Amino acid sequence: IKKYYNIDVNYSPDVVFAHDFLKKKKRNQKIVKNAVTVVPIDFYDEIKNNLSLNNKDDYFKYLEELITKNIQKNDIIYITCTTKEDNGIIKEFFEYLKKSLIIKNKIKIYYYSNLNNFEKLLSKTKLVISARMHALILGLNNNCNVYAIPFKEKLKEFGNNYSIPMNAKNNEKEVLKSLNSIYEFIMKKEV
């Protein structure tokens, strides 16, 4: 806009993207980010149909798989929400994870309270897995990797633009293995 109209403005496609600018927030870069924050929403037809899940148990298994692909031994799992309406589902998912035979990490639940408390969680978070757009945007604003649960078109599009590949660790290993094979092949040709 400045280039064409000589107007000095800041543009944000959503008010939450402008949150840092509006608060003129300074980041503490010394905080260790060792958490995965999960922000689920209640299971309903749109999730069932668009994610091809049969029931809430399948939904919880889906979320659990997303977590296990991206968690390390000492990471903490935060289950939280950005709206009061999701307090029930986060309690159910928290109880589900506590019984999990797969996940052995420390799990904490944080019920909806306010933006400042949510951002405190994000300051310790390395990855946000969410079905809520504002949680994803706030995650980006707090230097977190994000993964959008793609049950709506807007979340699919957001994911295409901002989400990390969900099996990044395995992909990295495969790329390194391929590069190593290429290197070995080249070295054999030169000898």
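The following dialogue reads helix packing and one pocket in a predicted model.

User: At what angle do helix α4 and helix α5 cross, and how is that angle to be read?

Analyst: An angle from 65 to 115 degrees counts as roughly perpendicular. Here the axes of α4 (residues 56-68) and α5 (residues 87-98) cross at roughly 70° and come within 11 Å. That makes α4 roughly perpendicular to α5. The crossing of these two helices is right-handed.

User: Which residues of α4 and α5 meet?

Analyst: From α4, the residues are Lys-56, Asp-57, Phe-60, Lys-61, Leu-63, Glu-64 and Ile-67. They meet Ile-89, Glu-92, Phe-93, Tyr-96 and Leu-97 in α5. Sorted by character, the residues of this contact are seven nonpolar and five charged, with no polar ones.

User: Are α7 and α8 roughly parallel or roughly antiparallel to each other?

Analyst: Angles under 35 degrees count as roughly parallel, and those over 145 as roughly antiparallel. The axes of α7 (residues 133-141) and α8 (residues 153-162) cross at roughly 15° and come within 11 Å. The two helices are therefore roughly parallel to each other. Their crossing is left-handed. In this contact, α7 supplies Met-133, Leu-136, Ile-137 and Leu-140, while α8 supplies Lys-154, Leu-155, Phe-158 and Tyr-162. Seven of the residues in the contact are nonpolar, none is polar and one is charged.

User: How is the packing of α6 and α7 to be described?

Analyst: An angle that fits none of the roughly parallel, roughly antiparallel or roughly perpendicular ranges counts as oblique. With their axes 10 Å apart, α6 and α7 pack at an angle of about 55°. They are therefore oblique to each other, and their crossing is right-handed. Leu-115, Phe-118, Glu-119 and Leu-122 in α6 meet Ala-135, Leu-138 and Gly-139 in α7. This contact divides into five nonpolar residues, one polar and one charged.

User: Turning to the second largest pocket, how many residues line it, and which lie nearest its centre?

Analyst: A pocket may be described by its volume and by its lining. The second largest pocket has a volume of about 240 Å³. Its lining consists of 15 residues, and those nearest the centre are Cys-81, Ser-113, Asn-114, Asn-117 and Phe-118.

User: Which helix gives the most to that lining?

Analyst: Helix α6 (residues 115-123) gives the most to the lining of the second largest pocket, namely five residues. Phe-118 thus appears twice in this account: it is in the contact of α6 with α7, and it is among the residues nearest the centre of the pocket.

User: How do the lining residues divide into nonpolar, polar and charged?

Analyst: The lining of the second largest pocket holds eight nonpolar, five polar and two charged residues.

Technical notes. Residues numbered from 1 in each chain as written. Predicted model: local features only at pLDDT ≥ 70, side-chain atom pairs only at ≥ 80, totals over all residues. Heavy atoms only, no water. Axes fitted to C-alpha atoms, helices over the stretch in contact; angles between N-to-C directions. Helix = DSSP H or I, 4+ residues; strand = E, 2+ residues; numbered from the N terminus. Left-handed = near helix turned anticlockwise from the far one by under 90°. Contact = heavy atoms within 4.5 Å. Nonpolar A, V, L, I, M, F, W, Y, C, P; charged D, E, K, R; others polar. 1 Å grid on protein atoms, 1.4 Å probe; cavity = no way out; pocket = protein on both sides within 12 Å on 5 of 7 lines; lining within 4 Å. Points joined across faces, edges and corners; volume = space filled by probe spheres on them.
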